Amino acid sequence: MPQTILSLSTRGQGLYEFTDQADAFVHQSGREEGLLTVFVRHTSCSLLIQENADPDVQTDLLSFFRRLVPPASDPSMGWVVHRAEGPDDMPAHIKAALTQVSIGIPVARGRLVLGTWQGLYLFEHRDRPHRREIVLHLGS
């Protein structure tokens, strides 16, 4: 069964679309039908299927998660014990726990079966740039 690892570079917190790379992997596999499993190999970022037409959606999502889980340096986060890698580390783990690290997407006619305005995103929760690995596995 076809499998590959994508390597994405991030520039800090944000959503990084990789729909085209995932779709190209499916197309190059030659498979007409199946299920694409997408898995991110990190504990401080996650995966989302989200609207890719209006960038305001991404802005609002980032704002929401910043309000929901502020940096550990925020007075409301005084209960956080894990601070070894900076004030964004434990909040990043919490955000990843609230979202998902694996997504299954149906494949039909050799293409991802996503809606018209849906895109596949790596959701980076850390402030600094990182290199993230995403496993793509196309099963039957």
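Here is a quick tour of this structure, from its cores to one helix and two arginines. Keep in mind that you're looking at a predicted model. The largest nonpolar core has 21 residues, and a second, separate core has 7. After the cores we'll look at helix 2, which covers residues 55-68, and then at Arg-132 and Arg-109.

**The cores**

- In the 21-residue core, the members that touch the most other members are Phe-18, Leu-36, Val-38, Leu-47, Leu-122, Ile-134 and Leu-136.
- Several elements chip in two or more residues each: helix 1 (19-29), plus strand 1 (3-9), strand 3 (34-40), strand 4 (45-51), strand 5 (102-108), strand 7 (118-124) and strand 8 (131-139).
- Take Leu-47 as an example: leaving aside residues up to four places away in sequence, its contacts include Phe-18, Val-38, Ile-103, Leu-122 and Ile-134.
- The second core is separate from the largest one, and among its 7 residues are Leu-61, Leu-62, Phe-65 and Phe-123.
- As a general backdrop, nonpolar side chains in soluble globular proteins tend to be buried together.

**Helix 2**

- With 14 residues at 1.5 Å each, helix 2 should span 20 Å, and that agrees with its end C-alpha atoms, which are 20 Å apart.
- Its buried residues are Gln-58, Leu-61, Leu-62 and Phe-65.
- Those four cover an arc of only 95 degrees around the axis, so they sit on the same side of helix 2.
- Flip to the other side of helix 2 and you'll find Asp-60 and Arg-67 exposed.
- The cover over the buried residues includes strand 2 (14-17), strand 4, helix 3 (89-98) and strand 7.
- At the N-terminal end, Asp-54 acts as a cap for helix 2, with a side-chain oxygen 2.9 Å from the backbone nitrogen of Asp-56.

**Arg-132, in a strand**

- Look for Arg-132 in strand 8.
- Is Arg-132 buried or exposed? Its relative accessibility is 3%, so Arg-132 counts as buried.
- The side chains of Arg-132 and Glu-124 are joined by a polar contact of 2.7 Å.
- Not counting residues up to four places away in sequence, Arg-132 also touches others, including Leu-6, Leu-8, His-42, Cys-45 and Leu-122.

**Arg-109, in a loop**

- Arg-109 is in the loop between strand 5 and strand 6 (111-112).
- With 72% relative accessibility, Arg-109 counts as exposed, because the cut-off for that is over 50%.
- Its backbone is worth a look too: Arg-109 isn't a glycine, yet it has a positive phi of about 55 degrees.
- For context, most residues other than glycine have a negative phi.

Notes:
Residues numbered from 1 in each chain as written. Predicted model: local features only at pLDDT ≥ 70, side-chain atom pairs only at ≥ 80, totals over all residues. Heavy atoms only, no water. Core = buried A, V, L, I, M, F, W, Y, C linked by side-chain atoms within 4.5 Å. Buried < 20%, exposed > 50% of the residue type's maximum accessible area, 1.4 Å probe, protein only. Contact = heavy atoms within 4.5 Å. Expected span 1.5 Å × (residues − 1). Arc of directions from axis to C-beta. Polar contact = N/O pair within 3.5 Å; in protein donor to acceptor, adjacent residues only side chain to side chain.
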